Amino acid sequence: MVGLTFLFNILSAAFSVLSMAFMIPVLEIIFEQSSEVTTLVPWDLTMSALKNNFYYYITTVKVEFGPGYALLFTGLFMVICTIVKCGTAYLASYTSIGLRNNLIRDVRKQIFEKIVSLPIGFFSNERKGDILQRATGDVAEVENSVVSSIDMFLKNPILIIGYLVSMLFWSLKLTLFAFVLLPIAGLIIGRIGKSLKRKSMEGQNKMGELMGILEETMTGLRVVKAFNAEHRVIDRYGNEAQAYCDIAKRLSRRRDLAHPVSEVLGTIVVIIVVWFGGSLTLSGDNSLSVASFLAYLGIFYQIINPAKAFSTALYSIQKGMAAMERIDKILLADDKIFENTDGLEVKNLQGGIEYKDVTFSYNNERDVLKNVSLTIPKGKMVALVGQSGSGKSTFVDLLPRFWDIQKGEIKIDGINIKDYKLHDLRGLMGNVNQEALLFNDTIFNNIAFGVENATQEQVEMAAKVANAHDFIMASEEGYQTVIGDRGSKLSGGQRQRLSIARAVLRNPDILILDEATSALDTESERLVQDALEKLMANRTSLVVAHRLSTIKNADMICVFHEGRIVETGTHDQLIAQNGYYRKLNDMQAL
């Protein structure tokens, strides 16, 4: 596409110059300056031969039919050249549109693929609204920049070079004089837009903050209304919107200054060139006839538009570069979860899981886990209990490599999990979290999420195991019911059971339950707990729990305190130890 755009722009420039060149014989006929040519010379590609033979045919038409028909004859060639010039210019735009849109499509796909592949830790340091702004608004700015870049590098230089070459051919003195003026005008325009990139970056950052406030408000709208905080969030958004408005006004005013400045400078340059060229013509300089000078002015006028477009494009490119820097913060973000290119395949859990002297901290700050060691045999249920912030959820998040540890090892079947293919490693596991994360799609697609080619029968079987089939069939469209944003059309217990059904269908060897029943009412908890017990049967399970009543039958209970495992054993053993677990149990019994 770049090659075709380049070719069509060259043809457009060539025929644009040619159409102007046909003005010379027209003007010479009008001013009767043309010396009649009565001899036809052999055709070749030299300028003298082409000019001689073209003037011969003009002379023939003029002698036989009169000067009026001679004008019509040369005008016909101008029309043909203009048609070809406009046609090739359209084809250049046609191919550049494909180039631009394909490029932006690829950027959007790259951003989305990068967002999906980045570790979870990246998003804990970023605002969702700002990321959304980079993936939408900033991409739009890059698109505008790309259009300007295509015009700048594939169109305008070709036109300018083509016009300059023809101008040199017509008058060397006049063109050298113009060469002195154009860079001065360009320098003045360039200085005006010097700070545009910095201002544009400020504006895009501010828009990211606006998107962040909007996303937070929509997510927490229930809290906003419950605390009568509408005016508070409206004022906050209004202040940020005003700040963005002020930046945008300064940015737009500076950008819009490009056109009038370039217009004034262009007019000044044209007047000076007319004065200098007119002086050469009126002084009797044989190098520039009146007809050639007028045609030269026509070509020079044609060069003004692409030169002005250069200045406008520079402003747009500065904005696009600022947007690209923000996009690059995502595209060039460090993938901290590195995958071994020669990683081992793993399809089933054969032995067990081992945490060996594991130490972990977020962003190399305070250690969340400190030298934790634990062996989990295949088929056993291990429960993790302790106060909030003791490291339970972090402990289970390390197994599927949502984060990587700083010290120690985590092994599956005696092999470090970093030596496995990441896709295979996570394929061993199924997750049911405290918050059931569902998508604005049908019930069927939510249950079948992550499982290729799941059948209706398989999905229904998973729903029955999760105690979800009855309420699904009672809904308006059964398994094809769309559940709304994050499953908003369902109750908490229903969402959780769909989440369990999704894990049942996946049929994982290792099941991770992170406080899966803590947010439910008593009746929903009973249904969900029943579904979980069916799911955990004969399966290796790691269960993070606050309600100790749900894990009394666990094969092993690990008590976490300040990043360490301080007690292990069954429920009865830990009660008998009369330690930290007994204290937790007695507190919940009150």
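## Helix packing, cores and a few single residues

In this predicted model, V2, L4, T5, F8, N9, L11, S12, F15, S16, L18 and S19 of helix α1 meet M78, C81, T82, V84, K85, T88, A89, L91, A92, T95, S96 and L99 of helix α4. Contact here means heavy atoms within 4.5 Å. Sorted by class, the contact of α1 with α4 has 13 nonpolar, nine polar and one charged residues. For those classes, Ala, Val, Leu, Ile, Met, Phe, Trp, Tyr, Cys and Pro count as nonpolar, Asp, Glu, Lys and Arg as charged, and the others, Gly among them, as polar.

Now the geometry of that pair. The axes of α1 (residues 2-21) and α4 (residues 67-117) come within 8 Å and cross at roughly 160°. Axes are lines fitted to C-alpha atoms, for helices over the stretch in contact, with angles running from 0 to 180 degrees between N-to-C directions. The two helices are therefore roughly antiparallel to each other; angles under 35 degrees count as roughly parallel, over 145 as roughly antiparallel, 65 to 115 as roughly perpendicular and the rest as oblique. The crossing of α1 past α4 is left-handed, meaning that the near helix is turned anticlockwise from the far one by less than a right angle, while clockwise would be right-handed.

A word on conventions: residues are numbered from 1 along each chain as its sequence is written. Because the model is predicted, local features need pLDDT of at least 70 and side-chain atom pairs count only at pLDDT 80 or more, whereas totals for chains, interfaces and linings use all residues; side-chain values use heavy atoms, with hydrogens and water left out.

Stepping back, the protein has 22 helices and ten strands, which are DSSP runs (helices H or I, at least four residues; strands E, at least two) numbered from the N terminus. Of its 590 residues, 45% count as buried. Buried means under 20% relative accessible area, exposed over 50%, and partly exposed in between (1.4 Å probe, protein chains only). Among contacts between residues at least 6 apart in sequence, 75% join residues at least 24 apart.

On to the cores, each a set of buried Ala, Val, Leu, Ile, Met, Phe, Trp, Tyr and Cys residues joined through side-chain atoms within 4.5 Å. The largest nonpolar core has 43 residues, and I447, I472, L498, I551 and Y581 have the most contacts inside it. Helix α19 (residues 492-506) gives this core its largest share, six residues. Leaving aside neighbours within four places in sequence, Y581 is in contact with V385, L548, I551, I557, V559, E567, H571, L574 and I575. Apart from that core lies another, of 33 residues, including V396, W403, Y420 and L428.

Here are three residues with their accessibility.

| Residue | Relative accessibility | Status |
|---|---|---|
| K411 | 18% | buried |
| D357 | 41% | partly exposed |
| L181 | 17% | buried |

K411 sits in strand β4 (residues 407-412). Not counting residues up to four places away in sequence, K411 touches G352, I353, E354, N416 and I417. D357 belongs to strand β1 (residues 352-361), and its phi is near 50°, a positive value in a residue other than glycine. N371, in strand β2 (residues 367-377), also has a positive phi near 50°.

L181 is part of helix α8 (residues 172-192). Neighbours within four places aside, L181 is in contact with V269, I272 and V273. The C-alpha atoms of L181 and I272 are separated by 8.9 Å, with the two residues 91 residues apart along the chain.
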